[in-house]
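Student: I'm new to this one and would like a close look at a single part of it. Could you pick a sheet and walk me through it, strand by strand?

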Amino acid sequence: MLKAIHRKSVILICAFLLLSTAQITSAESDSQEGAAIQMVVKVIENATHQNDAFTQGLLWHQGMMYESTGIYGESTLREVFPNGTVNRSVELAGDQFGEGLSIVGEQLIQLTWKENTALIWNLSDFSLVGNFSYDGEGWGLCNNGTSLVMSDGTSQIDFRNPTDFSITRSINVTLDGEELDRLNELECDSDHIWANVFQTDEIVRINSSTGAVDQVIDASSLGGEGNGGHLNGIAFDSDGDMWLTGKNWPKIFEVELELAIEPSDNEQETTESNQPAIHETGSQSCTGDDCEEDAPFGVYVMYGVVLFTAFSCAAIGIFKFWRALPSNEKKPLSQGNVFDDDE
Ligand SMILES: [Ca+2]
């Protein structure tokens, strides 16, 4: 009887340890996925931005900037040299308020705010060649390589077929589990969407699959409303560098992203000595726009417990298997019995 209790106790202990460590692993994973990392911007250089541009959409393409500007009666589509000089510009109809801007092949797609119309412009001569219709408001637009990605002022982001503008899927954007709306000018790649949060100095980086915000970027150091209007322009150049501007701002800034955590004295010295792309602070490491939290000490302890448990249970299983063999097949594993099997 005691032997049976002993054997069952060992099985229960193994099961308990494995279940506990699995739960710890799950909780730790959830924690790392759920918490958005706080970032700040560091200015690398700046260039002139036309301060009559009420910026609503911005992108780089083959060394030139393309910009959509808003306000009824003043909205435009512009091609801008890197030094800020406007090369070409075309005016929208007086009843159209320019919004997000993206490019598909040799055509620029420009949203309008409440006119339910996306304008299709030929890149070569800025001729208006067509339009798409959509429901709701038009805010931000970007191209992730396969879809046009569009915001409409709500927490929903739609992925649209670039050939007919039909919605193929949607995500709900959340920050730390709460819905986040007012997502304005956009920029995107295959995995992430960057969005200005309307009337703030914040940009959020959104997971394109889940809608969860994994980075919150504080760009208030650029001056915000002090430049003439709200932050509202995100674009990556051909080197992958981020450029930011805002409505009627006189400057556009190339920036790098850094962790918002206050550096220690030693790390301050490292930063001042012009450390490049890789920043390490506390328990976090960051390489440009791809930052993740390192596992804390507790995780390594948990991994050790898992390995020990698995090894112990495997050893017990092997021993029991050996015990169950006919006596003439046994090799001399041990002289004593660790566990007696009463079967
Ligand atoms: Ca953009």
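Tutor: Sure, and one term comes up straight away: two strands count as paired if DSSP finds at least two bridges between them. Keep in mind that this is a predicted model.

Let's go to the open sheet of 4 strands with the order 10-11-12-13, where the pairing is antiparallel. Its edges are strand 10, covering 141–143, and strand 13, covering 167–172, and each of these pairs on one side only. On average, neighbouring strands here are turned by 20 degrees against each other, direction ignored.

Now zoom in on one edge. Strand 12, residues 156–160, pairs with strand 13 in the antiparallel sense, and 5 bridges hold that pairing on record. Want one bridge to find on screen? Look for phenylalanine 159, whose bridge partner in strand 13 is arginine 169. As a rule of thumb, side chains in a regular strand alternate between the two faces of the sheet.

Next, the surroundings of this part. The largest nonpolar core has 51 residues, and Leu141, Val149, Leu186, Ile193, Ala195 and Leu244 are the ones with the most contacts inside it. Leu141 should ring a bell, as strand 10 spans 141–143. Take isoleucine 193 from that core list: leaving aside residues up to four places away in sequence, isoleucine 193 touches Cys142, Val149, Ile157, Leu186, Cys188, Ile206 and Ser208. Two of those names lead back to our sheet: Cys142 falls in strand 10 (141–143), and Ile157 falls in strand 12 (156–160).

For a side-by-side view, try the other open sheet of 4 strands, with the order 6-7-8-9 and antiparallel pairing. Strand 6 (98–104) and strand 9 (128–133) are its edge strands, each pairing on one side only. Neighbouring strands in that sheet are turned by 25 degrees against each other on average, direction ignored. Strand 6 is joined by 5 bridges to strand 7, residues 107–112, and the two run antiparallel. A bridge to look for there links serine 102 with isoleucine 109 in strand 7.

Finally, step back to the whole protein chain. Its secondary structure comes to 3 helices and 25 strands, and buried residues make up 29% of its 343 residues. Among contacts with a separation of 6 or more, 48% are between residues 24 or more positions apart.

Note on methods:
Residues numbered from 1 in each chain as written. Predicted model: local features only at pLDDT ≥ 70, side-chain atom pairs only at ≥ 80, totals over all residues. Buried ≥ 20, exposed ≤ 12 C-beta atoms within 10 Å, placed from the backbone. Contact = placed C-beta atoms within 7 Å. Core = buried A, V, L, I, M, F, W, Y, C linked by C-beta atoms within 7 Å. Axes fitted to C-alpha atoms, helices over the stretch in contact; angles between N-to-C directions.
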